[in-house]
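Reader: I'd like to learn how to read a protein–DNA model. Could you walk me through it, feature by feature?

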Number of protein chains: 2
Amino acid sequence: MKTKTIEKPQLSNIEPLLQKSNIRPTAMRILVYKFLLENEAAKALIDIENHFAKSDRTTLYRTIKTFEDKGIVHQIDDGTGTAKYALCEEGCNCEIETDLHLHFHCKICDETICLTDHKIPQINLPNGFSAENANLVIKGICDKCSC
Amino acid sequence: MKTKTIEKPQLSNIEPLLQKSNIRPTAMRILVYKFLLENEAAKALIDIENHFAKSDRTTLYRTIKTFEDKGIVHQIDDGTGTAKYALCEEGCNCEIETDLHLHFHCKICDETICLTDHKIPQINLPNGFSAENANLVIKGICDKCSC
DNA sequence: CTTGTTAATGCACTTCTGTTGCACTAACAT
DNA sequence: ATGTTAGTGCAACAGAAGTGCATTAACAAG
């Protein structure tokens, strides 16, 4: 399978990367960013809380909100009822709602991943309807669980 | 635009219709069914609660759950965070997860409707991924709000 | 028509996620 | 070094979803 090689930021580069997006690189923020970077799957707030058991729920909540506001993280609604978050790839335009990549939710491992290279196809709507944004979640079994 | 005429059940036919699906036609259930039938848009539990202010939340909650279990109502996750419910059309196979129609959420009137005639197009997934279900919500402005 | 069983209803309570107010503390520029 | 701004932690709240249990209604069998 031919997969596009995506240049992931190096762990050591997190600090300037945050600064580039006008986010003060506090210790907590660097750790949360690192956590998201190390995980392919999108994470829910509760996952981040569990990983940083010592930290306060609110801080993590606001950290993610900051990341989202500054456009380096996007929220995913995968139908499980709890919001997931994933780092935006380079050049992601999710903040202007035109980056219509789709998401895959595996019913075995219960993880949600971005299929960044797969865009949502054009949909013909009935007369009078105008689309501005779209959310497509495919559910099934992921590559890791299908052997 | 050429719209398919859908035969909606008559209000007077609700009782036998529920019985056909092995649902005891209690007064409450008939009213809830009628409410869903009279609304084009999918309704959240809170909408049903507000409409039947005299009734208990739990009863309405379990009524909808029953409808869902018996396959006459399907749940819609439109990204607003609260689940919406809509009657299944005749021949809807949502319970076996193959009825992949899409949903439209209007950001003006905040209503969600089923676009029953619009199916989700085939998506090519990466190797190793198998799809079983899909959920596509388009957000924008609906016909009623776009004048 | 009565009776017994099963299902539906209503109330109270709990859980989970998301969110805000406020005091305290750390970061950074001057 | 110091003052302002931003980040953190605690508590509390809000909304939706779900459960336990006692009461009541529905319905089939006698």
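Reader: How many nonpolar, polar and charged residues does the surface near DNA strand C have?

Author: Happy to start there, with a word on the ground rules first. This is a predicted model, in which local features need pLDDT of at least 70 and side-chain atom pairs count only at pLDDT 80 or more, while totals for chains, interfaces and linings use all residues. Residues are numbered from 1 along each chain as its sequence is written, chains are lettered from A and ligands numbered from 1 in the order in which they are written, and side-chain values use heavy atoms, with hydrogens and water left out.

Author: A residue is near a strand if one of its heavy atoms lies within 4 Å of it. For the classes, Ala, Val, Leu, Ile, Met, Phe, Trp, Tyr, Cys and Pro count as nonpolar, Asp, Glu, Lys and Arg as charged, and the others, Gly among them, as polar. The surface near DNA strand C then has five nonpolar, six polar and nine charged residues.

Reader: Which residues come nearest to DNA strand C?

Author: Arg57(A), Thr26(B), Arg29(B), Thr59(B) and Arg62(B) do, out of the 20 residues around that strand. On the DNA side, sugar or phosphate accounts for 63% of the strand C atoms within 4 Å of the protein, and bases for the rest.

Reader: What are the polar distances to DNA strand C for Arg62(A), Thr59(B) and Arg62(B)?

Author: A polar contact is a pair of N or O atoms within 3.5 Å; within protein, one must be able to donate a hydrogen and the other to accept it, and residues adjacent in sequence count only if both atoms are side-chain atoms. The side chain of Arg62(A) has an N or O atom 3.0 Å from a base oxygen of strand C, and for Arg62(B) the distance to a base oxygen is 2.6 Å. Thr59(B) instead places a polar side-chain atom 2.9 Å from a phosphate oxygen.

Reader: Where does Arg62(A) stand with respect to DNA strand D?

Author: A polar atom of its side chain lies 2.5 Å from a base oxygen of DNA strand D. Arg57(B) also has a side-chain N or O atom 2.4 Å from a base oxygen of that strand, while a polar backbone atom of Ala83(B) is 3.4 Å from a phosphate oxygen.

Reader: Which element gives the most to the surface near DNA strand D?

Author: Helices (H or I, at least four residues) and strands (E, at least two) are DSSP runs, numbered from the N terminus. Helix 4 of chain B gives the most here, with five residues.

Reader: How many residues does each chain bring to the contact, and what area is buried between chain B and chain A?

Author: The size of an interface is often given as the accessible area lost when the parts come together. Using a 1.4 Å probe, and summing over both parts, the area buried between chain B and chain A is about 2800 Å², with carbon and sulfur atoms giving 64%. Chain B and chain A each bring 33 residues to the contact, meaning heavy atoms within 4.5 Å.

Reader: How many salt bridges are there between chain B and chain A?

Author: The count is two, where a side-chain nitrogen of Lys or Arg must be within 4 Å of a carboxyl oxygen of Asp or Glu. Lys107(B) forms a salt bridge with Glu132(A), with the closest N and O atoms 2.9 Å apart.

Reader: How many bridges join strand 6 of chain A to strand 6 of chain B?

Author: Two strands pair if DSSP finds at least two bridges between them. Here 11 bridges join these antiparallel strands, and Leu136(A) has Leu136(B) as its bridge partner.

How values were computed. Buried area = accessible area lost by both parts, 1.4 Å probe.
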